[in-house]
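Me: Could you take a close look at any enclosed space in this model? I'd like to know what surrounds it and how that part fits with the rest.

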Amino acid sequence: MSLLVVGSIALDSVETPFGRREEVLGGSATYFSTAASFFGPVRLVATVGEDFPEAHVQFLADRGVDLAGLERRPGRTFRWKGRYEFDLNQAHTLDTQLNVFAEFKPELPAHYRDSEYVFLGNIDPDLQRTVLDQVRAPRLVACDTMNFWITSKRESLLRTLERVDLLFVNDAEARQLAEEHNVVKAARRILSFGPRAVVVKRGEYGALFFSGDEVFAASAYPLPAVFDPTGAGDSFAGGFMGYVARTRCEDQATMRRAIVLGSVLASFTVEQFSVERLRTLSHEEIRARYGETRRLAHFDDLELDLFADGSSAG
């Protein structure tokens, strides 16, 4: 298994109706690599400042994340501050300080260049392509993006999409990128841009997968308490890509299982702030919740006796 992630590492300050935390570990590459590490080793490329706590570096190392691509630069680490109301699907950004991340120019260590599976976090699409220029022959390339890049660098993003196999977006981003109100139509149009598959993340409503004529809908695991949705989408992608890389298989059945596993990892992430829940998460808990998720959606063994008396539906 050789899985590469390129993205951000940040110090987040988050407030939700259930509490607040100051300068906790965050960033797309952090959540992705932590979730993916349950399935195997991950190669990480990111940048942090000289103020980044060594304890966070050790946490990633202890997860089996290869940190040869982690650059520590003079200056302050990328910081994000946000607030969630009771609608936890919507984050309100209060402050963004790019700091050293503003000068991020991903350079892959030599042994990263043979990575078979590549995930490009929601960084500048120009940088996403510079990463692809450095990878020799990946089996599967996936990327994420965000509304800022869709608006400000659309043409560059479209050039990136011509070179990727799979795009992760939420439903609002899918509509914006495709310029279609209907999510299904939006996903179909995005497929015409180049990717062979699109995953539409829908938060508490689950996820949709589109590839060719294939459509798969996975519901989210129902949780009694959600404390912090930050990083849920990146944890979803990490679980998805980690499983695919572990199996080294990209057929439709694998993709369906990957979506469910991605949803399971995301469901654990939101139960506590930052990566705190993932610190204590066990493989047994993942297996159990995967099984519960399957049972929630399974109904093939239920007999359909609506018209057992022979009456017509009309």
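Reply:
**The cavity and its surroundings**

The count comes to 1 cavity of 30 Å³ or more. A cavity here is a set of points on a 1 Å grid over the protein atoms alone where a 1.4 Å probe fits but cannot get out, and lining residues have an atom within 4 Å of a point. Bear in mind that this is a predicted model, where local features need pLDDT of at least 70 and side-chain atom pairs count only at pLDDT 80 or more, while totals for chains, interfaces and linings use all residues. Residues are numbered from 1 along each chain as its sequence is written, and side-chain values use heavy atoms, with hydrogens and water left out.

The largest cavity holds about 40 Å³ of space, a volume being the space filled by probe spheres set on grid points joined across faces, edges and corners. Around it sit Ser13, Val14, Glu15, Arg20, Arg21, Glu22, Lys81, Gly82 and Leu94. Strand 2 (10-16), strand 3 (19-26) and strand 6 (79-84) each give two or more residues to that lining. Strands (E, at least two residues) and helices (H or I, at least four) are DSSP runs numbered from the N terminus. By class, the cavity lining has 5 charged residues, 2 polar and 2 nonpolar. Asp, Glu, Lys and Arg count as charged, Ala, Val, Leu, Ile, Met, Phe, Trp, Tyr, Cys and Pro as nonpolar, and the others, Gly among them, as polar.

Now for the sheet those strands belong to. It is an open sheet of 4 strands, ordered 3-2-6-7, with mixed pairing; two strands pair if DSSP finds at least two bridges between them. Strand 3 and strand 7 (91-97) stand at the edges with a single partner strand each, so one side of each has no neighbour in the sheet. On average, neighbouring strands here are turned by 15° against each other, direction ignored. Inside the sheet, strand 2 and strand 6 run parallel over 5 bridges, and Asp12 has Trp80 of strand 6 as its bridge partner.

Stepping back along the chain from strand 2, you reach Gly7, in the loop between strand 1 (3-6) and strand 2. Gly7 is buried, with a relative accessible area of 0%; buried means under 20% with a 1.4 Å probe, protein chains only. Gly7 also lies 6.7 Å from Val45, C-alpha to C-alpha, although the two are 38 residues apart in sequence.

Strand 1 leads into another sheet, an open one of 9 strands in the order 5-4-1-8-9-10-11-12-13, again with mixed pairing. Its edge strands are strand 5 (65-73) and strand 13, each pairing on one side only. The twist from one strand to the next averages 15°. Strand 1 pairs with strand 8 (117-120) in the parallel sense over 4 bridges, with Leu3 opposite Tyr117.

Further along the chain comes helix 8 (residues 232-247). As 13 of its 16 residues are buried, helix 8 is largely enclosed by the rest of the structure. Just after helix 8, Arg248 takes a positive phi of about 50°.

Definitions and conventions:
On a 1 Å grid over the protein atoms alone, a cavity is a set of points where a 1.4 Å probe fits but cannot get out, and a pocket is an open set with protein on both sides within 12 Å along at least five of seven lines; lining residues have an atom within 4 Å of a point. Axes are lines fitted to C-alpha atoms, for helices over the stretch in contact, and angles run from 0 to 180 degrees between N-to-C directions. The expected span of a helix is 1.5 Å times one less than its number of residues. Buried means under 20% relative accessible area, exposed over 50%, partly exposed in between (1.4 Å probe, protein chains only).
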